[in-house]
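Here is a short briefing to read alongside the model. Keep the viewer open and follow the residues as they come up.

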Amino acid sequence: MKLKEWIDRSLPAIIDTLATDINCPVLTNTEKGFNLASQKAVHAVVDDFLGILFPGCHGSGPMLERHLDDFYGVQLRSATSHLTEQTESAFRYQCSFDKCKDCSDCRERAEQAIMFLIEHLPEIRGILQQDIQAAYEGDPAAKSLMEIVMSYPCLQAIAIHRIAHLLYLKEVPLIPRVMSELAHSRTGIDIHPGARIGSGFFIDHGTGVVIGETCIIGKNVKIYQGVTLGALSFPKDEHGNPIKGIKRHPEVKDHVTIYAGATILGGETVVGEGAVIGGNVWLTHSVPARAKVYNRQPKPEIKITE
């Protein structure tokens, strides 16, 4: 049977099955009278906010200072409108998923969340300026602050995180995680939007870094590639399901340095202020302030062949 003949004969039944599958979450969503934003739509809003935070650097082109007021007015109104619609749909989806009987406050919750985010944009930019300075001071290869703004993956990851985290604080479903996974796909840095991260944060190189949902990171912390701030095995309820809403990830105090490949696990694990965690260390218990934690030096065998 040729492809065209097969399409003419078989496709109508396949289309009918796909269109009437009651278990499809997208169709359930549509039947409830709302449509979730696509990944690309959320990604576009993220890029709009990056352009607002770094005008002329992460936007579509150079930005003259005399045009900034008009630029901010247009961009903020557009981004606010789009993100509010996306957030309302996310709240409505979560209500449907949770079998909520009254979704009447979804619009109000969305508007409150977006107002909260917009009001904190100046604070976010101030914190990002400290992150940029920390990267410049922490990386001898950095030749300028603009090099960091334009090219360092850690800055993009932490900028997106600081936006997503504010929405997470307002309990916005779906959207913060879509944002964080965009940063993950672009940079190789995986930061859950729930993580609390202080100012002056620098991730050197960045690839393979994982920071869990309930992680708390203080000010002026520097970590290297391949670091995991993760959870131990999850406690489960009487039905065998993981218990949600408990602290599962470590706390890292101010002025800590964590070198490449280190793994720090557990909700009760605290890394004290000013501590240094060496490369490839596996840590599941707390260490005091100013501690230095290293593995013993390995003794490689060197054989010279003739």
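Y224 is buried in this predicted model, with a relative accessibility of 15%. Y259 is partly exposed, at 33% relative accessible area. Their rings have centres 4.9 Å apart and planes at 20 degrees, so the two tyrosines count as a stacked pair.

**Aromatic rings**

- The structure holds two aromatic pairs, and one of them is that of Y224 and Y259.
- Y224 belongs to strand β6 (residues 222–224), while Y259 is in the loop between β9 (257–258) and β10 (263–265), so the stacked pair ties together parts that are 35 residues apart in sequence.
- A ring also meets a charge here: the charged end of K170 sits over the ring of F116, 5.0 Å from its centre.

**Two parallel sheets**

- As general background, strands of a sheet pair through backbone hydrogen bonds, in either a parallel or an antiparallel sense.
- One open sheet has five strands in the order β3-β6-β9-β12-β14, with parallel pairing.
- The edges of that sheet are β3 and β14 (292–293), each of which pairs on one side only.
- Strand β12 (residues 276–277) runs parallel to β14, and two bridges join them.
- V276 has K292 in β14 as its bridge partner.
- Another open sheet of five strands follows the order β1-β4-β7-β10-β13, again with parallel pairing.
- Here β1 (190–191) and β13 (282–283) stand at the edges with a single partner strand each, so one side of each has no neighbour in the sheet.
- Within this sheet, β4 and β7 run parallel and are joined by two bridges.
- The bridge partner of V210 is T228, in β7.

**Helix α5**

- Helix α5 spans residues 106–119, which makes 14 residues.
- From its first C-alpha to its last, α5 reaches 20 Å, close to the 20 Å expected at 1.5 Å a residue.
- Which residues of α5 are buried? They are C106, A110, A113, I114 and L117.
- These five cover an arc of only 95 degrees around the axis, which puts them on the same side of α5.
- E108 and E119 are exposed on the other side of the helix.

**Salt bridges**

- Side chains of opposite charge can pair when their charged atoms come close.
- How many salt bridges does the model have? The count comes to 12.
- D47 forms one of these with R186, and the closest N and O atoms are 2.9 Å apart.
- D47 lies in helix α3 (residues 39–53) and R186 in helix α9 (residues 175–187), so their bridge ties together parts that are 139 residues apart in sequence.
- D47 is partly exposed at 30% relative accessibility, and R186 is partly exposed too, with a relative accessible area of 38%.
- E213 pairs with R248, with the closest N and O atoms 3.0 Å apart.
- This bridge links distant parts of the chain, 35 residues apart: E213 is in the loop between β4 (210–211) and β5 (216–217), and R248 is in the loop between β7 (228–230) and β8 (251–252).
- R248 is buried, at 18% relative accessible area; the cut-off for buried is under 20%.
- K253 forms a salt bridge with E251, the closest N and O atoms being 3.0 Å apart.
- K253 itself counts as partly exposed, at 34% relative accessibility.
- Salt bridges that share partners bring E85, E88, R92, R107 and E111 together in one network.

**Positive phi in loops**

- Most residues other than glycine have a negative phi.
- Where does the backbone depart from that pattern? L174 has a phi near 65 degrees, a positive value in a residue other than glycine.
- L174 is found in the loop between α8 (153–169) and α9, and counts as partly exposed at 37% relative accessibility.
- H205 also has a positive phi, near 70 degrees, and is likewise a residue other than glycine.
- H205 lies in the loop between β3 (202–204) and β4.
- Is H205 buried or exposed? H205 is exposed, with a relative accessible area of 53%.

Notes: Residues are numbered from 1 along each chain as its sequence is written. This is a predicted model: local features need pLDDT of at least 70, side-chain atom pairs count only at pLDDT 80 or more; totals for chains, interfaces and linings use all residues. Side-chain values use heavy atoms; hydrogens and water are left out. A salt bridge is a side-chain nitrogen of Lys or Arg within 4 Å of a carboxyl oxygen of Asp or Glu. Helices (H or I, at least four residues) and strands (E, at least two) are DSSP runs, numbered from the N terminus. Buried means under 20% relative accessible area, exposed over 50%, partly exposed in between (1.4 Å probe, protein chains only). Two strands pair if DSSP finds at least two bridges between them. The expected span of a helix is 1.5 Å times one less than its number of residues. The arc is that of the directions from the helix axis to the C-beta atoms. Rings of Phe, Tyr and Trp (its six-membered ring) pair if their centres lie within 6.5 Å; planes under 30 degrees apart count as stacked, over 60 as edge-to-face and the rest as tilted. A charge sits over a ring if NZ of Lys or CZ of Arg is within 6 Å of the ring centre and within 35 degrees of the ring normal.
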